[in-house]
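Me: Could you take a close look at one part of this structure for me? I'd like to hear about the sheet in one of the chains, and what goes on around it.

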Amino acid sequence: MHVQHYHFEVKTDGKGTYELTDQVTDKIDKSSMRNGTVTVFVQHTSCSLTMMENAAPAARRDVERFFEKLVPEDSDYEHDDEGPDDMPAHIRMVLTGASETVPIVGGKMQLGTWQGIFLFEHRCEPHRRKISVTVIGE
Amino acid sequence: MHVQHYHFEVKTDGKGTYELTDQVTDKIDKSSMRNGTVTVFVQHTSCSLTMMENAAPAARRDVERFFEKLVPEDSDYEHDDEGPDDMPAHIRMVLTGASETVPIVGGKMQLGTWQGIFLFEHRCEPHRRKISVTVIGE
Amino acid sequence: MHVQHYHFEVKTDGKGTYELTDQVTDKIDKSSMRNGTVTVFVQHTSCSLTMMENAAPAARRDVERFFEKLVPEDSDYEHDDEGPDDMPAHIRMVLTGASETVPIVGGKMQLGTWQGIFLFEHRCEPHRRKISVTVIGE
């Protein structure tokens, strides 16, 4: 059993979902691990890491619109000094989480047919987001 | 330290919560591991894996009703070609997650008194759901 | 590779967010592990474990107020024999989760600048909450 850490950055150009599945697959290949788990973690509090349907872009747009409505920008937030999209970003992050752990079997992530790993960016402005990938296995 | 993977399927008969605690316990017993963690992961994007109160069926029905109201079927979704329950299923999955990791101490999951591991099925039709259980430990 | 388990309790005095980052850091120091992951898990179904913005208390109050409104106490719950704050607590737990896994590199958790680990207490009365910390690594 070993542990291998990898880091990479994603440039976002504002709100939306950005698929990370290929980058994570690449790190697992680099690790040469055959069996274990991979934990993907975002080092931020205004974007999330989440599994999502990866075939239909319309489905992802519906997810994004749902969170716009569920956590509105025009609510009366106490913490509002970093812009109207800041506090909704923190709340959306709490609702969707910072990490997921996926099993690795025979060198491959055990994702379902339609599952992808996504960065969910909640801020309007472009950001560089740090992603941490930890492979534990043998 | 070792890693052991197990897989099983759950037949659902539509929306609802299905407890998986016994099946996961059984896999840990099979692994003979005494100390470590177990990660339970659903290989789907229209059902979730979540911890929940396991003693009161009424509490689970309240959870199910809450999500029916929070993510309604009759909203104006762009992605609607797979039926009115499809897009709400994907959104509910994003809100509740695909995996949980639970510590194993002395061969037993360290669950609280009322904690159970549940598959949360979001589709109306019966489905066969693939669950992956990964035990890492010694 | 080794696994080390730690347990501690947090006394809450009702609803709110309680930072656990220092306690978790302390357990990692005790484990002397340099590389791996730490999984933090709450053994309860009426409080959550979540990552959150740790610099602005106003931001955390906004998160708390959001969940008060999203999952109201005065809704018509079937399971209501343990007080009006009980069923909302279970639902808020399902929405926010029971565990997070954070990478450890060079003996330190790889948290972002503003990330903290929080117990999110959903009940009104004071409680003693059991937290489990599992370090896997080398």
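Reply: Here is a walk through the sheet of chain C, then the cores and the cavities. Bear in mind that this is a predicted model.

In chain C, 5 strands make an open, antiparallel sheet, and their order is S1-S8-S3-S5-S6. The edges are S1 (2-12) and S6 (108-109) of chain C, each with a pairing partner on one side only. For S1(C), that partner is S8 (residues 127-137) of chain C, and the two run antiparallel over 11 bridges. If you want a spot to click on, C:His5 sits opposite C:Thr134 of S8(C). Lying across S1, S3 (35-42), S5 (99-105), S6 and S8 of chain C is helix H1 (residues 21-31) of that chain, at about 155 degrees to S1(C).

Now for the packing. The largest nonpolar core counts 75 residues, and A:Val38, B:Val38 and C:Val38 have the most contacts inside it. Take the chain B copy: leaving aside residues up to four places away in sequence, B:Val38 touches a list that includes B:Val24, B:Ile28, B:Val102, B:Ile104, B:Met109 and B:Val133. Another core, of 45 residues, lies apart from the largest one, and A:Met52, A:Val63, B:Val63 and C:Ile91 are among its members.

There's some empty space too. The whole structure has 2 cavities of 30 Å³ or more, and the largest holds about 330 Å³. It is lined by 26 residues, with A:Ser99, B:Ser99, B:Glu100, C:Ser99 and C:Glu100 closest to its centre. S5 of chain C, which we met in the sheet, gives at least two residues to that lining, and so does helix H3 (86-96) of chain C. Chains A and B contribute as well, including through strand S4 (47-53) of chain B.

Terms used:
Residues are numbered from 1 along each chain as its sequence is written. Chains are lettered from A and ligands numbered from 1 in the order in which they are written. This is a predicted model: local features need pLDDT of at least 70, side-chain atom pairs count only at pLDDT 80 or more; totals for chains, interfaces and linings use all residues. Side-chain values use heavy atoms; hydrogens and water are left out. Two strands pair if DSSP finds at least two bridges between them. Helices (H or I, at least four residues) and strands (E, at least two) are DSSP runs, numbered from the N terminus. Contact means heavy atoms within 4.5 Å. Axes are lines fitted to C-alpha atoms, for helices over the stretch in contact, and angles run from 0 to 180 degrees between N-to-C directions. A nonpolar core is a set of buried Ala, Val, Leu, Ile, Met, Phe, Trp, Tyr and Cys residues joined through side-chain atoms within 4.5 Å. Buried means under 20% relative accessible area, exposed over 50%, partly exposed in between (1.4 Å probe, protein chains only). On a 1 Å grid over the protein atoms alone, a cavity is a set of points where a 1.4 Å probe fits but cannot get out, and a pocket is an open set with protein on both sides within 12 Å along at least five of seven lines; lining residues have an atom within 4 Å of a point. Grid points are joined across faces, edges and corners, and a volume is the space filled by probe spheres set on the points.
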